[in-house]
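Biologist: Could you take me through how the helices sit on the sheet here? I'd like a close look at that one part.

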Amino acid sequence: MRTRCYELSKIAREIGCPNIILVPSPTPDHTLGWSEVVGEYVKVLRDLSGIAGEYGIRLAFEFLGFGWCSVRTPRAAWEIVQQVERSNVGMAIDTAHFYAGGGLMQELDQLDGGRIFAFHLNDLEDGPKEAITDGTRLFPGEGVIPLGEICGRLKRTGYDGACSIELFRPEYWDWPPEQVAASARQTAIQVLSPYFELV
């Protein structure tokens, strides 16, 4: 992992990408206590932040909403990031993972917008949260996630950074890339424009 962090940090600096996104692992043992989970991620993120920092790169820790994941909510990821105490370690917020992991809206209110390094915008089909996969993602505004409320709360934290569309829906893979890009841009603008100044 350390070798990969060196490689990605070097590439990120060369291409002018400010962030590397890290995701948590599956929970290795369901009897593992939360304090042990936090301690392990704090240790790892401190170590990797030193590597990334040599290249001027930030690390965005992204919680994953899937049931098997060890860090599933904004509250959990924020607790870890705060304990890391490194200026180049922050969070990535993905609307699909927020919804799938059962994140609460008030958890977003507790975040520092300056420590949110990435925002992934997408939507999800209607259905049980246990059945959510990357393949059930939709263009923003076409599903059940309350994107307006999420955007409004992120705006109030002071977040004013980049937003990317993250879709893994196999149906979209058959479309011409230009059509996917145009649809993603159009739907994202509709969702974001009431809350953010778009450039």
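**Helix 3 and its surroundings**

Modeller: Start with helix 3 (residues 74–84), which lies across strand 2 and strand 3 and runs at about 165° to strand 3. Before going on: this is a predicted model, so local features need pLDDT of at least 70 and side-chain atom pairs pLDDT 80 or more, while totals for chains, interfaces and linings use all residues. Residues are numbered from 1 along each chain as its sequence is written, and side-chain values use heavy atoms, leaving out hydrogens and water. Helices (H or I, at least four residues) and strands (E, at least two) are DSSP runs counted from the N terminus. Angles run from 0 to 180 degrees between N-to-C directions, with axes fitted to C-alpha atoms, for helices over the stretch in contact.

Underneath, strand 2 and strand 3 (residues 89–94) run parallel, joined by four bridges. Glu62 stands opposite Ala92 of strand 3. Elsewhere on the sheet, helix 8 (residues 177–192) packs against strand 4 (116–121) and strand 7, and the direction of helix 8 makes about 115° with that of strand 4.

Now zoom out to the sheet. It's open, with five strands in the order 1-2-3-4-7 and parallel pairing (at least two DSSP bridges per pair). Strand 1 and strand 7 (163–165) are at the edges with a single partner strand each, so one side of each has no neighbour in the sheet. Neighbouring strands are turned by 30° against each other on average, ignoring direction.

Back to helix 3 and its helical neighbour. Helix 2 and helix 3 pack at about 50°, their axes 9 Å apart, which makes helix 2 oblique to helix 3 (under 35 degrees is roughly parallel, over 145 roughly antiparallel, 65 to 115 roughly perpendicular, the rest oblique). Helix 2 brings Trp34, Val38, Tyr41, Val42, Leu45 and Arg46 to the contact (heavy atoms within 4.5 Å), and helix 3 answers with Ala76, Glu79, Ile80, Gln83 and Val84.

Helix 2 (residues 34–54) also packs with helix 1 (residues 2–15), at about 30° and with axes 8 Å apart. Those two are therefore roughly parallel to each other. Here the contact uses Arg2, Cys5, Tyr6, Ser9 and Arg13 from helix 1, plus Asp47, Leu48, Ile51, Ala52 and Glu54 from helix 2.

Last, the link to the edge: four bridges join strand 1 (residues 19–22) to strand 2 (residues 58–62), running parallel, and Asn19 has Arg58 in strand 2 as its bridge partner.
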